[in-house]
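Open the model in your viewer and keep the sequence panel visible. The stops below are meant to be selected in order.

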Amino acid sequence: MDDAQSANPEAKYDVVGRIGPRVDGSPARRPERATLRGRGVTLAPLDASLHGDALFEGITGEGGDRLWHYLFEGPFADRAAFDLHLQRIAASEDPMFFAILDNASGNAVGYASYMRIEPVHRVIEVGSILY
């Protein structure tokens with residue numbers, strides 16, 4: 001029995017001294033474009049025609065340019081450029097974008113994405129957040 005096992009005799013060890021159950025090493029499933037409802041917001045698959053008006057309203061006006069400081073794209077010169085951007089990212093598989101919907105109003109108040117989706121390594125990031 002090694003020192004770690006002596007400290008916690010209830011711990012389960014495998015043959016090389018690791019704690020815990022074995023982890024399934026097979027590739028993970030890719031995420032789906034599913035709606036995820038939370039207490040304050042709902043994440044729904046981004047749809048340029050459905051969410052575009054509310055999103056454009058949210059990025060224009062005073063302070064709208066600050067929303068883009070840490071994003072790779074934007075701000076956009078006009079609505080047509082923004083619509084093209086939304087159509088492109090809504091169709092993307094990686095990153096996979098979701099609209100952030102306010103539960104009280106139902107309006108799109110931002111977007112976020114799953115990105116760097118690597119099922120073989122069971123890794124995914126959340127990023128490209130506009131909120």
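The tour of this predicted model goes from a strand to its partners, then to the core and the surface.

Start by selecting strand β3, residues 96-102. Six of its seven residues are buried, so the rest of the structure largely encloses this strand.

Next, add strand β2, residues 41-45. β2 and β3 run antiparallel and are joined by five bridges. To find the register, pick Leu 43, which stands opposite Ile 100 in β3.

Keep Ile 100 selected and turn to β4, where its bridge partner is Gly 110. β3 and β4 are also antiparallel, with six bridges between them. Follow the chain through the hairpin of these two strands, which has five residues between them. Stop at Gly 106, which takes a positive phi near 80 degrees.

Now select Leu 46, Leu 55, Trp 68, Phe 82, Leu 86 and Tyr 111. Of the 18 residues in the largest nonpolar core, these touch the most other members. Helices α2 (48-59) and α3 (79-91), together with β3 and β4, each supply at least two residues of this core.

Which residues are in contact with Trp 68, leaving aside its neighbours within four places in sequence? They are Ile 59, Glu 73, Gly 74, Pro 75, Phe 76, Phe 82, Tyr 111 and Leu 130.

Finish on the surface with Val 109, located in strand β4 (residues 108-118). Val 109 has a relative accessible area of 38% and is therefore partly exposed. Add Val 126, Ile 129 and Tyr 131: with Val 109 they form a nonpolar surface patch, whose accessible area together is about 420 Å².

Conventions
Residues numbered from 1 in each chain as written. Predicted model: local features only at pLDDT ≥ 70, side-chain atom pairs only at ≥ 80, totals over all residues. Heavy atoms only, no water. Patch = residues over 30% accessible without salt bridge, like charges linked within 9 Å, V, L, I, M, F, W, Y side chains within 5 Å. Areas by Shrake-Rupley, 256 points an atom, 1.4 Å probe, with all protein chains shown as cover. Salt bridge = Lys/Arg side-chain N within 4 Å of Asp/Glu carboxyl O. Helix = DSSP H or I, 4+ residues; strand = E, 2+ residues; numbered from the N terminus. Buried < 20%, exposed > 50% of the residue type's maximum accessible area, 1.4 Å probe, protein only. Pairing = 2+ DSSP bridges. Core = buried A, V, L, I, M, F, W, Y, C linked by side-chain atoms within 4.5 Å. Contact = heavy atoms within 4.5 Å.
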